[in-house]
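Subject: Handing over the structure, with notes on its ligand and pockets

Dear colleague,

I am passing this structure on to you, and below it you will find my notes on the ligand and then on the pockets. Please read them with the structure open beside you.

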Amino acid sequence: MTMNQRNIVVIPGDGIGPEVTSAVQRVLESAGAAIDWIPHHAGLAALAEGSDVMPPETIEAIKEHGMALKGPCTTPVGKGFSSVNVQLRKKMNLYAAVRPVRSLPGIKTRFENVDLIIIRENTEGLYSGIENEVTPGVVMSMKVATEVACTRIARWAFRYATHRQRKGISVLHKANIMKLTDGLFIRCAQQIHKQEYPNIGYQEHIIDAGCMRLVQDPSQFDMLLLENLYGDVVSDLCAGLVGGLGVVPGANFGDEHAVFEAVHGSAPDIAGKNIANPLALLMSAVMMLNYIADRQGDAGAGKIATTVRDAYDRALEDGCKTRDLGGDLGTDAFADAIIERL
Ligand code: NAI
């Protein structure tokens with residue numbers, strides 16, 4: 001059973017992005033993934049070529065080919081550039097970010113058997129990018145919530161919970177303070193739960209107390225549904241429960257397109273040293289192969305996803321680890337260790 005040949009856009013990104021991306025491409029090729037990569041730039045790499053941080057050609061290519069594997073991108077701070085990632089997610093309406101946070105074999109952390117799914121609303125909230133200076137010394141950032149987007153993400157989360165046979169959804173919010181915006185977010189979730197998915201468990205937690213409960217005992221939660229900023233912050237918090245940013249993958253879904261990328265950023269502190277962990281992006285690529293299998297009925301893609309997952313599980317069990325996980329392998333050596341186990 002082989003995978004059908006297909007084009008996929010690849011955005012190597014900035015910082016550690018090109019290193020982890022090429023390691024992942026090597027693993028996928030060795031596993032027999034039939035992918036013709038269509039390279040495009042975003043972030044600093046695009047600026048260096050004289051384009052905008054989010055070039056229209058990159059967006060067009062993702063629309064044409066339906067999906068992308070993306071390395072992390074750096075947005076220059078305080079130079080008038082709006083975030084690469086926020087632009088991409090908004091322009092392509094990639095409204096649902098999914099971040100599975102799971103314990104991995106061979107990685108000792110405080111908790112065993114962590115199995116959380118974070119669903120983050122990706123298009124509005126405080127990341128609407130509407131900021132202004134009211135008067136010198138007074139600035140404002142607007143938090144936007146719309147009924148359409150809050151309902152859409154709630155419905156997406158409950159549908160996902162049903163397909164994946166998850167136990168329940170917990171919304172983390174601050175509706176006690178942000179009564180209108182977070183109030184709307186929880187009201188939409190309550191409505192979808194009550195009217196469309198009454199059999200899926202549903203809870204609400206004020207986010208500060210919810211975070212405390214998460215780090216005390218993550219098994220109290222199953223799926224987390226959050227607005228944009230909370231989803232961003234809580235994703236990194238949850239990464240800390242299973243070994244860090246090197247091991248948490250992600251995907252951004254719209255109705256038509258999908259972009260697969262790790263939760264971590266471009267990690268300028270370790271860029272260019274061949275020490276970054278490529279696993280988070282590799283796990284994102286496994287999500288991509290499973291998506292191809294589900295969406296396009298390509299069982300070959302699903303089989304390769306399983307082969308790659310088994311290989312990295314075995315590599316970790318055998319003690320092959322990068323430095324962030326307490327090992328001593330570099331990016332390329334870790335990719336080689338996975339390839340040996342395919
Ligand atoms: P970061 O995630 O890049 O790094 C945080 C810490 O985690 C650093 O100590 C870094 O060395 C470590 N780390 C991250 N990924 C790692 C990996 N694969 N292996 C080993 N260690 C890893 O977050 P930071 O420093 O806040 O952001 C740096 C840049 O990345 C910023 O320009 C930010 O805008 C951008 N960023 C981009 C994202 C994306 O493109 N999806 C997401 C998050 C941040």
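A polar side-chain atom of Asn 85 lies 2.9 Å from an oxygen atom of the ligand, which falls within the limit for a polar contact (a pair of N or O atoms within 3.5 Å; within protein, one must be able to donate a hydrogen and the other to accept it, and residues adjacent in sequence count only if both atoms are side-chain atoms). Asp 269 also places a side-chain N or O atom 2.9 Å from a ligand oxygen, while Ser 266 contributes a backbone N or O atom, again at 2.9 Å from an oxygen atom of the ligand. The protein covers 67% of the 810 Å² of accessible area that the ligand has on its own (Shrake-Rupley method, 1.4 Å probe).

Please bear in mind that this is a predicted model, in which local features need pLDDT of at least 70 and side-chain atom pairs count only at pLDDT 80 or more, whereas totals for chains, interfaces and linings use all residues. Residues are numbered from 1 along each chain as its sequence is written, and side-chain values use heavy atoms, with hydrogens and water left out.

Around the ligand there are 21 residues, the closest being Cys 73, Gly 265, Ala 267, Asp 269 and Asn 277 (a residue is near if one of its heavy atoms lies within 4 Å).

Turning to the pockets (on a 1 Å grid over the protein atoms alone, open sets of points where a 1.4 Å probe fits, with protein on both sides within 12 Å along at least five of seven lines; lining residues have an atom within 4 Å of a point), the largest has a volume of about 820 Å³, a volume being the space filled by probe spheres set on the points, which are joined across faces, edges and corners. Its lining has 26 residues, with Tyr 160, Arg 164, Met 287, Asn 290 and Asp 294 nearest the centre. Helix H9 gives the largest share of this lining, seven residues (helices are DSSP runs of H or I, at least four residues, numbered from the N terminus).

The second largest pocket holds about 610 Å³ of space, and among its 27 lining residues Ser 83, Asn 85, Val 86, Tyr 127 and Asp 232 lie nearest its centre. Asn 85 therefore appears here as well as beside the ligand. Helix H4 (84–91) gives the most to this lining, with five residues.

With best wishes

Technical notes: Helices (H or I, at least four residues) and strands (E, at least two) are DSSP runs, numbered from the N terminus.
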